[in-house]
Amino acid sequence: TGRIPVVGGAVQYETGESIFTTDAPKAVAPGAEYPMTPVPTGAASIAKTVKWGQDTEVTDEAIARQLMRPVERALQKLANQNVKHVDSVALSAIATAVTATQAADDPWATATAKMMLTDVATAKASILALNQGYEPDTVVLDDLTWAYAFASFVSAGLLPRESENPLVTGNFPVIDGMRWLATPNLPTAGNVLVLDSAALG
């Protein structure tokens, strides 16, 4: 989640940084110095930055007829187009970089809530088993798959019914410590990403 300064049209960053020091700790006698150990960094990488943007025109006549409405519509459309484009590019880059995958027990269009929860929980366990300090906290899925999951959890009676009832609010609650987020911009519909939002680069 950290931000890296861009200098000269490129960004330099590190990948594969270990969460451990180089050496194991050693027993220390009272009053003795702690042994020094290197703290390794990741492999340095560099990427070219890309600047995206758009502009449009709103005529004086349109403003005279409709006041600020044409300006507001134009700004909203510009924002929507830019968000869609950047979101699609980012999600494609993430999906391309994913190396660990697992098949679902059953396609989520027909899977039960138990199957879906098992799929997510085992993916989370696989990430934790890497022992790299990752804390999976987010499930990202396309809108249709989100709808199947939401309906399955509601029909199974696994969502809270008291305050903030998801059936009323339409908000997917946190389940097993995971936020469930929908996007129409996943490159492959039906694929589900399980990730650590603080460590996703």
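Two strands pair if DSSP finds at least two bridges between them. Strands, of at least two residues (E), and helices, of at least four (H or I), are DSSP runs numbered from the N terminus. The model described here is predicted: local features need pLDDT of at least 70, side-chain atom pairs count only at pLDDT 80 or more, and totals for chains, interfaces and linings use all residues. Residues are numbered from 1 along each chain as its sequence is written, and side-chain values use heavy atoms, with hydrogens and water left out.

Strands S1 (residues 10-15) and S2 run antiparallel and are joined by six bridges. Within this pair, Val-11 stands opposite Ala-47 of S2. Strand S2 (residues 43-48) is hardly covered, for none of its six residues is buried, that is, under 20% relative accessible area with a 1.4 Å probe, protein chains only.

Helix H2 (residues 69-97) reaches 42 Å from its first C-alpha to its last. Its buried residues are Pro-70, Ala-74, Leu-78, Leu-91 and Ile-94. Among the elements that cover them are helix H1 (60-66) and strand S5 (192-195).

A nonpolar core is a set of buried Ala, Val, Leu, Ile, Met, Phe, Trp, Tyr and Cys residues joined through side-chain atoms within 4.5 Å. The largest such core has 19 residues, and those with the most contacts (heavy atoms within 4.5 Å) inside it include Trp-108, Val-120 and Trp-180. Helix H3 (113-128), strand S3 (138-141) and helix H4 (143-155) are the elements that give two or more residues to this core; H3 gives the most, with five. A second, separate core of six residues includes Ile-94, Val-140, Leu-186 and Leu-195.

Methods:
Buried means under 20% relative accessible area, exposed over 50%, partly exposed in between (1.4 Å probe, protein chains only). The expected span of a helix is 1.5 Å times one less than its number of residues.
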